[in-house]
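User: Could you take a close look at the nonpolar interior of this protein for me, and at the aromatic rings in it? I'd like one connected walk-through.

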Amino acid sequence: MTTHQRTAPGNGVPPFALISDGDRARLPGDVVDAYPLTRAQAALLTNGSPPQGSRIAARRIGPPAPFSPDALETAAADLARVHEVLRSSLDPVSCSEPLQRAHAEAQVPLLLHDHRGLDARTTAERLAALLDAERGKPFDTATPPPLRLTAVREPDEAWVLVVALDRVLAETVGADAVLAELLAGYRRALLDPGPAGRRPVVRHGLCAAAERDGLLDRAGRRHWRELTEHNAPFTLPRAWAPAPDGQRRPQEPTVPFDDLGDGLEALAAGTGVPLRTVLLAAHVKVLSTLTAEPAFRTDVVARPPGTPDDDAVACDTRLHRVVLPFAVDREASTWRDLVARVGERERQGWHHRYVPRPGADHADEGPGRLAHALFEAHDPRETAGPGRVEYVAGAQDTSGYGLHVLARDGHLLLRTAPGAIAPARVDGLARMYRTVLEAMAAAPDGDAHAACLAPEEREAVLRTWSAGPSADRGTVTVVGLLQDQAAATPDAVAVRTGEGTLTYRELDERSNRIAHHLVSLGARADTLVGVSLRRTPDLLPALIGVWKAGAGYLPLDPDLPLERTRGMLAATGCSLVVTTSEHRPVLEPLHEGTLVLLDEERDAVAARPATPTGIRVAPSHLAYVIYTSGSTGAPKGVMIEHGGLVNYLLWTLDAYVAHGSGGAPVFSSISFDLGIPNLFAPLLAGQPVHLLPEPFDAADLGRHLAAGAPYSFVKMTPGHLDLLTHQLTAEQIRSLAGIVIAAGDSFSAALAARWSELAGPTGTRVATEYGPTEITIGNSGQPVTDLPTTELIPLGTPIPNTTMYVLTDRLEPVPIGVPGEVYIGGAGVARGYLGRPDLTAERFVRDPYGTDRRARLYRTGDLARWLPDGTLDFLGRIDNQVKIRGYRVELGEIEANIALHPGVRDAVVVPREPSPGLVRLVAYVVPAVKGPVDGAGLRDRLAAVLPDYMIPADFVAIDRIPLTTNGKVDSRALPPVS
């Protein structure tokens, strides 16, 4: 087919106006225009090796549109005549710059195949092979045209049309758009088999000139710069990728919406936008459900306002494929508002389409691109005539995108690239699109913030996986259970120390006497009594005695800095502190109330009744208040009630205590709630609590545990577990306990594997437990039976009477595989923060999924995601908190104390992990006077007010604190520490 060029009048830019006279003189005689390559084309040619293969598009055309070779040839000839870009060639070297040359005529190859005599399976196989061959066959870019056609006749009067485009040309021209216009021309040729009408020529030089002029558009440059800087790129959830040995084939599910047409069209008309904008709004809603980013950007094939016009001469309204970044935020409250916002951003993007965009010269098609998404509305000219037009399976070209969403008549087509999304998640994604479209069509003024999950997925993440079993705890408390156990096993050993043992009878009677003594001094229900004791025979009788007096205990570790202890006593208004004369010199200057010195008052306590006080301890009474680090510089006291405590400890009876008869060791501070099950759970089952000597060096932990083994269970931090793998022999590990539990910090799969290998199949099992202080010690856990594919051990399943959700900041559930914040509800939720109603209201929120209207959820600040099997995968912290040696630390508290030093102008503290599992704090300090930082002086100053685990390991002087464009600390720009 040979075509001849005719230039339409009034095109604005004369031929050859964009190149020099010298370059024009070098052009062949049949060239009617030439212009520089677009930025994307030039980048593709210069980006390493030249691109190989072709871009393809294919459609199956069915009755009543018969196959006519003559009509197809006529349409192809007219297409090349009208669009000079389809009779062009490339000249990358002979001129002063690479050029695209428009020739006066071109022969469009058309290859015919006849599959009508084949069976269905052979037809499909032959077509798939043909598509692969077309995709892999390159073009000679020096010779026009950059286009070839293939037609395949099939049974039942159907036929397939395949368009192949040169890959450099496809950076500007879309294969789907070429196919759409070709089909429109084919239908015209069927209706009028005579010579094609003389439609005006569409010149590509206009677009080349517009791109050149875009370099001068400062407002446009600012538009794209701000969009790029303030919106993170969208990425598909990492958990959605198929397993290394899983299916990695491309997929093309469809999402029908033709039955919703009336509602969607009404929404479009009501906001003054085309239907494609409504479909784009549905797309960005789905993407916003798949990312935790508050504002992000994705790619969209931009369209001009209105409907494509076959007589238009504007080069970018017919064949050109303009891919633009599209900004998405979460501000729209209704579907109508969302559609209007999307329409306005479409218009803004189209207005600045020719302006250079940061990083947009050529999109990388490497593995990273598979995480990105592209939206494209189909060209209505494809289906504007007789015959059924369908996409051809296997012909998809995702252009390197992991997800390519095409909006067509009556349905969305979701094309996924191989290796981007596992098949099971693609089905869920399709249901999500359908759910969003249903919501938009049903209620234009409905809530656009609501999560649009498929019913079965919503049931899984809000019910099946997130709720622990139900267990009736009645009005029982730990106090009552301890009294029952003392009556059942009075002569069994309850407490082991280096100084001897206590039986259950002795523990019960001594705690009763201490309770009577405290009551005589003013202790009562819901008051606090401080306890500052080491791991001596007095510790457990004192803690239990506080409970029996109706009060809750306030742990005051004797090794805490004086100012921290003073602040805790002042904040709680604690009038009684149980301690010994050893600690009187420290405590007396800090405490205005009464010190109950158990050693000096031993006779007075012994004279008290050994029988119960008769005080009823209710589940709603305070059990203890434990202080955790605070972001404002002041620690906060978490109020835990007896109901949550007994619910947790009763769960540990089966989960931990039942794994043996040797009880548990206690070697952590009483200020650390991780050790509470070691203190009390054995006592509920008639087993002993082993109080290890204090203080002792961490290097001796393994020796002490091995000497006291075997235990029923040992709960510790992952750091302690790692330490034991180096301190104990394999034989000692195998016989250490029935089970060890790693909790209080990130637990790596590598550490679990190392422990399991040392313990062997019949040795000490390992488990995980998760839970912030605010939900009463632990909220989930499970034995590690099979090592996960994730880097960290998952969080486990919720314990009885508790819930654990992964939600957005609007308390909406997130889909499987998508990161969100962990919210915890149920029996273990703390009463709140002592004396901090503002902070309590911020962190403890109404539970929208509970049956009790008074129920609350605790916002943990932890990031996690559901995996397809219901496993909860821990991803780290959302806010500025970290875990150091199992302790939760607010970096802001450390920074606030550093900033109090007169020699410090500003400071930022960041965690560094020089090796897996080893987290150390580094303080970057801006000195008030330029010079080195006094690390020793700062360390001494902090040691007076902060626990040792909150003191940075390193102090580094910097000139200023680097910030991101959003005004946040840019931790990546901070200098490394050797």
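Analyst: Happy to! The largest nonpolar core has 146 residues, and Tyr433, Met440, Leu518 and Phe680 are those with the most contacts inside it. Helix α11 (residues 423-442) supplies the largest share of this core, nine residues. Please keep in mind that this is a predicted model.

Let's zoom in on Tyr433. Leaving aside residues up to four places away in sequence, Tyr433 touches Val255, His283, Val286, Leu287, Leu403, Val405, Leu412 and Leu414. There is also a second, separate core of 32 residues, and Leu72, Val173, Ala175 and Leu319 are included in it.

Now to the rings. The count of aromatic pairs comes to 14. One of them joins Tyr656 and Phe713: the centres are 5.6 Å apart, with 35° between the planes, and the pair is tilted. This pair links distant parts of the chain, 57 residues apart: Tyr656 lies in the loop between α19 (642-655) and β24 (664-666), while Phe713 belongs to strand β26 (residues 711-716). Buried here means under 20% relative accessible area. Tyr656 therefore counts as buried, at 2% relative accessibility, and Phe713 is buried too, with a relative accessible area of 0%.

Another pair is formed by Phe844 and Tyr858, whose ring centres are 5.0 Å apart and whose planes meet at 40°, so this pair is tilted. Phe844 sits in strand β34 (residues 844-846) and Tyr858 in strand β35 (residues 856-866), 14 residues apart. Phe844 is buried with a relative accessible area of 5%, and Tyr858 is buried with 2%.

Ring pairs also link Trp547, Tyr553, Tyr624 and Phe680 into a cluster. Phe680 thus appears twice in this tour: in that ring cluster, and among the residues with the most contacts inside the largest core.

For another view of the interior, try helix α6 (residues 205-214), where the buried residues are Gly205, Cys207, Ala208, Ala209, Glu211 and Gly214. These buried residues pack against β1 (31-36) and α2 (39-46).

Finally, some context for the whole protein. Buried residues make up 56% of its 978 residues, and the protein contains 27 helices and 41 strands. Of the contacts between residues at least 6 apart in sequence, 73% join residues at least 24 apart. The C-alpha trace spans about 120 × 70 × 55 Å along its principal axes. On the outside, the accessible surface comes to about 39300 Å², and 52% of that belongs to carbon and sulfur atoms.

Technical notes. Residues numbered from 1 in each chain as written. Predicted model: local features only at pLDDT ≥ 70, side-chain atom pairs only at ≥ 80, totals over all residues. Heavy atoms only, no water. Helix = DSSP H or I, 4+ residues; strand = E, 2+ residues; numbered from the N terminus. Buried < 20%, exposed > 50% of the residue type's maximum accessible area, 1.4 Å probe, protein only. Contact = heavy atoms within 4.5 Å. Areas by Shrake-Rupley, 256 points an atom, 1.4 Å probe, with all protein chains shown as cover. Core = buried A, V, L, I, M, F, W, Y, C linked by side-chain atoms within 4.5 Å. Phe/Tyr/Trp six-rings, centres within 6.5 Å; stacked < 30°, edge-to-face > 60°.
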